[in-house]
Amino acid sequence: RYGSVRQTDTALLATVIDSLVLRAAIGLPVACMAMDEDAAAAMKQKLLAAHDALRLRGTEGEAQQAVDAWRAALRSLAMGDAAAALLRGTACRLLLDEQMLESDEVVRQFNRNLSLGTLPMDVAAWLDGFLNKQALVLLHDESIWGAVDAWLSGLGEVQFAQILPLVRRSFANFSNHERQSLGEKARRAPVAGAAAPATVATGDEAGPWDEQRAALALPVLNALLGLNMPGMLMKQALVAPDFESAAVQL
């Protein structure tokens with residue numbers, strides 16, 4: 001970008017870089033196959049570093065061909081089934097950030113990779129790769145928020161118990177402010193496309209509030225939110241009037 005004190009011909013260097021990018025793009029889908037969790041995590045860091053470095057190349061002239069080849073490799077990685085779930089999720093997020101995927105395409109990938117027939121470990125790995133330690137996409141994209149909400153609402157008791165510690169590991173990377181914003185968003189009305197919660201009766205139609213039944217959810221809520229609140233304090237918060245609607249939905 002800036003040249004050097006030796007007045008190196010940067011055009012020659014750019015040609016070398018573009019050839020390296022093309023070779024990397026061709027080999028990327030195959031290089032991401034048949035990986036265990038540790039190998040996939042190491043490859044993810046290399047993938048992110050290469051993607052960030054390629055942004056310095058620009059998109060003018062011959063550089064556009066190298067960038068297009070890299071993006072095509074990311075699409076092949078994201079849309080395929082052979083690569084590790086963590087890397088498929090990461091590639092999907094990079095394409096979204098580059099505005100190479102529309103929200104509805106991302107939602108389709110959510111539905112495919114977060115289906116109930118997918119192994120919980122693969123689901124958690126894909127979601128971890130897609131979120132990439134950032135909660136902004138959940139806070140600002142309503143269609144993606146709705147897809148995550150619908151997926152969680154469709155989990156059975158056994159599946160939820162399996163997925164909880166894995167998903168919590170991904171959410172633990174968010175900042176306190178991001179987690180607080182997600183909690184506030186979850187308390188609001190569900191977005192279009194999300195699974196509809198149970199209808200809460202009001203006025204004279206409201207049924208009796210069963211505190212004993214609500215208390216059964218306290219250990220799971222403590223684990224999910226990472227609050228470590230004393231049981232009595234959390235129970236008081238759960239049965240407060242402004243928390244009743246959210247508690248019934250849960």
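**Group meeting: a walk through an all-helix model**

Let's start at one residue: Leu13 has a relative accessibility of 48%, so it counts as partly exposed, since that class lies between 20% and 50%. Keep in mind, everyone, that what we have on screen is a predicted model.

Where does Leu13 sit? You'll find Leu13 in helix α1, which covers residues 10–31. Leu13 also has company: together with Val16, Ile17 and Leu20, it makes a nonpolar patch on the surface, about 340 Å² in area.

Let me zoom out for a moment. The chain has 14 helices and zero strands, so if you read the elements from the N terminus on, you get α every time, by the definition used for helices and strands. There are 250 residues in the chain, and 33% of them count as buried. The accessible surface comes to about 15200 Å², with 57% of that belonging to carbon and sulfur atoms. For those of you who like contact maps: take the contacts between residues at least 6 apart in sequence, and 70% of them join residues at least 24 apart.

Now for the inside. In soluble globular proteins, nonpolar side chains tend to be buried together. Here, the largest nonpolar core has 52 residues, and the members that touch the most others in it are Phe110 and Phe130. Which helix gives the most to this core? That would be helix α4, residues 85–97, with eight residues.

Stay with Phe110 a little longer. Leaving aside residues up to four places away in sequence, Phe110 touches Ser115, Trp126, Leu127, Phe130, Ile144, Ala147 and Val148. Notice that Phe130, the other top member of the core, is on that list.

My last stop is Asn113, in helix α5, which spans residues 103–113. Is Asn113 buried or exposed? Asn113 is buried, because its relative accessible area is 6% and the cut-off for buried is under 20%.

So what does a polar side chain do there? The side chain of Asn113 makes a polar contact with the side chain of Arg88, at 2.5 Å. The Asn113 side chain also reaches the backbone oxygen of Gln109, this time at 2.8 Å. Again setting aside residues up to four places away in sequence, Asn113 touches Arg88, Thr118, Val123 and Trp126. Trp126 is a name you've heard already, as one of the residues that Phe110 touches.

That's my tour, from the patch with Leu13 to the buried Asn113. Thanks for listening, and I'm happy to chat!

Note on methods
Residues are numbered from 1 along each chain as its sequence is written. This is a predicted model: local features need pLDDT of at least 70, side-chain atom pairs count only at pLDDT 80 or more; totals for chains, interfaces and linings use all residues. Side-chain values use heavy atoms; hydrogens and water are left out. Patches are made of residues with over 30% relative accessible area and no salt bridge: like charges are joined within 9 Å, nonpolar side chains (Val, Leu, Ile, Met, Phe, Trp, Tyr) within 5 Å. Accessible areas come from the Shrake-Rupley method with a 1.4 Å probe; for residues, only the protein chains shown count as cover. A salt bridge is a side-chain nitrogen of Lys or Arg within 4 Å of a carboxyl oxygen of Asp or Glu. Helices (H or I, at least four residues) and strands (E, at least two) are DSSP runs, numbered from the N terminus. Buried means under 20% relative accessible area, exposed over 50%, partly exposed in between (1.4 Å probe, protein chains only). A polar contact is a pair of N or O atoms within 3.5 Å; within protein, one must be able to donate a hydrogen and the other to accept it, and residues adjacent in sequence count only if both atoms are side-chain atoms. Contact means heavy atoms within 4.5 Å. A nonpolar core is a set of buried Ala, Val, Leu, Ile, Met, Phe, Trp, Tyr and Cys residues joined through side-chain atoms within 4.5 Å.
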